[in-house]
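Biologist: I'd like to learn how to read a model like this one. Could you take me through it feature by feature?

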Amino acid sequence: TTDPVTGVTTTSWRTAKPADIAVLVPSRLSVPSIEAALLLRGVSVTVRTSRDIARHPTAEGLAATLLAISDLGDTRSLLHALRSPVFAITDAELTAARISLGRPLRVGSLPAPGPSAADREDADGGGGLPETVRSALVLLTQAQGLMRTHGPAAALDLVLDRAAVRAGLVA
């Protein structure tokens, strides 16, 4: 086609390519015949299902996030969420946080804010709660409160906005 299209990450116009096209079908029954017809015309095909999307690390992290804020005792989901691309917290940061707190991490159980790292004797940050972990737990606590009052969609929207997840989903 000669109709111009614009890309997700660009505002410049260009000629449409086969990769710009998505064929959505209500059932997988017609997929083999559509796939064969496209291949006959030299159009490469990638078949995606809703199961593929659910297995994406970011989608798994978002699901773990919802589980963690809906069940405050679910430390497994919390750790999954924190390690996922949603928060991208490293095992070293999680270990430092566990040592700093002296107990397992939980949503809604942060100690009261203390002096900043610059005001403490250990200004190099040693022994303190990593800021990445602290900010993630604060966000999760806010999302948990929002979920109680406005439901899971509002909580998830807060996490998507504050954790800058939307950019990773589009890329």
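What follows is a walk through the chain, one feature at a time.

Modeller: Sure. Keep in mind that this is a predicted model.

Biologist: Then let's begin with confidence. What is the mean pLDDT of the chain?

Modeller: The score is the predictor's own confidence in each residue, from 0 to 100. Here the chain averages 79, and 75% of its residues reach 70 or more.

Biologist: Which elements have the lowest and the highest mean pLDDT?

Modeller: Helix α8, residues 166-170, sits at the bottom with a mean of 53, while α4 is at the top with 93. Also look at residues 116-127: pLDDT stays under 50 there, and the model has 8 contacts beyond four places in sequence for that stretch.

Biologist: Okay, on to the fold. How many helices and strands does the chain have?

Modeller: There are 8 helices and 2 strands. Going along the sequence, the order is β-β-α-α-α-α-α-α-α-α.

Biologist: And how much of the contact map is long-range? I mean, what share of the contacts with a separation of 6 or more joins residues 24 or more positions apart?

Modeller: That share is 48%. You can look at individual pairs too. G108 and L137 are 29 residues apart in sequence, yet their C-alpha atoms are 7.1 Å apart in space. Another pair is P18 and G42, 24 residues apart along the chain, with 9.5 Å between their C-alpha atoms.

Biologist: Where are G108 and P18, and are they buried or exposed?

Modeller: G108 is in the loop between α5 and α6, and it counts as exposed because its relative accessibility is 54%, where the cut-off is over 50%. P18 lies in the loop between β2 and α1; its relative accessibility is 49%, so P18 counts as partly exposed.

Biologist: Now the interior. How should I think about a core?

Modeller: In soluble globular proteins, nonpolar side chains tend to be buried together. In this chain of 171 residues, 25% are buried. The largest nonpolar core has 28 residues, and L78, L82, F87, L105, V133 and L140 have the most contacts inside it.

Biologist: Which helices supply at least two residues each to this core?

Modeller: They are α3 (57-70), α4 (75-83), α5 (91-101), α6 (131-150) and α7 (152-162). The largest share, 7 residues, comes from α6.

Biologist: Pick one core residue for me. What is L105 in contact with, leaving aside neighbours within four places in sequence?

Modeller: L105 touches T75, L78, L79, L82, L94, A97, V133 and L137.

Biologist: And the outside? Which residues make a nonpolar surface patch?

Modeller: I21, V23 and V25 make one of about 260 Å². V25 is found in the loop between β2 (13-15) and α1 (31-40), and at 33% relative accessibility it counts as partly exposed. For the chain as a whole, the exposed area is about 11,300 Å², with carbon and sulfur atoms supplying 58% of it.

Biologist: One last thing, backbone angles. Which sign of phi do most residues have?

Modeller: Most residues other than glycine have a negative phi. A88 has a positive value instead, near 55 degrees, and is not a glycine. A88 sits in the loop between α4 and α5, and with a relative accessible area of 53% A88 is exposed.

Technical notes: Residues are numbered from 1 along each chain as its sequence is written. This is a predicted model: local features need pLDDT of at least 70, side-chain atom pairs count only at pLDDT 80 or more; totals for chains, interfaces and linings use all residues. Side-chain values use heavy atoms; hydrogens and water are left out. Helices (H or I, at least four residues) and strands (E, at least two) are DSSP runs, numbered from the N terminus. Buried means under 20% relative accessible area, exposed over 50%, partly exposed in between (1.4 Å probe, protein chains only). Contact means heavy atoms within 4.5 Å. Accessible areas come from the Shrake-Rupley method with a 1.4 Å probe; for residues, only the protein chains shown count as cover. Patches are made of residues with over 30% relative accessible area and no salt bridge: like charges are joined within 9 Å, nonpolar side chains (Val, Leu, Ile, Met, Phe, Trp, Tyr) within 5 Å. A salt bridge is a side-chain nitrogen of Lys or Arg within 4 Å of a carboxyl oxygen of Asp or Glu. A nonpolar core is a set of buried Ala, Val, Leu, Ile, Met, Phe, Trp, Tyr and Cys residues joined through side-chain atoms within 4.5 Å.
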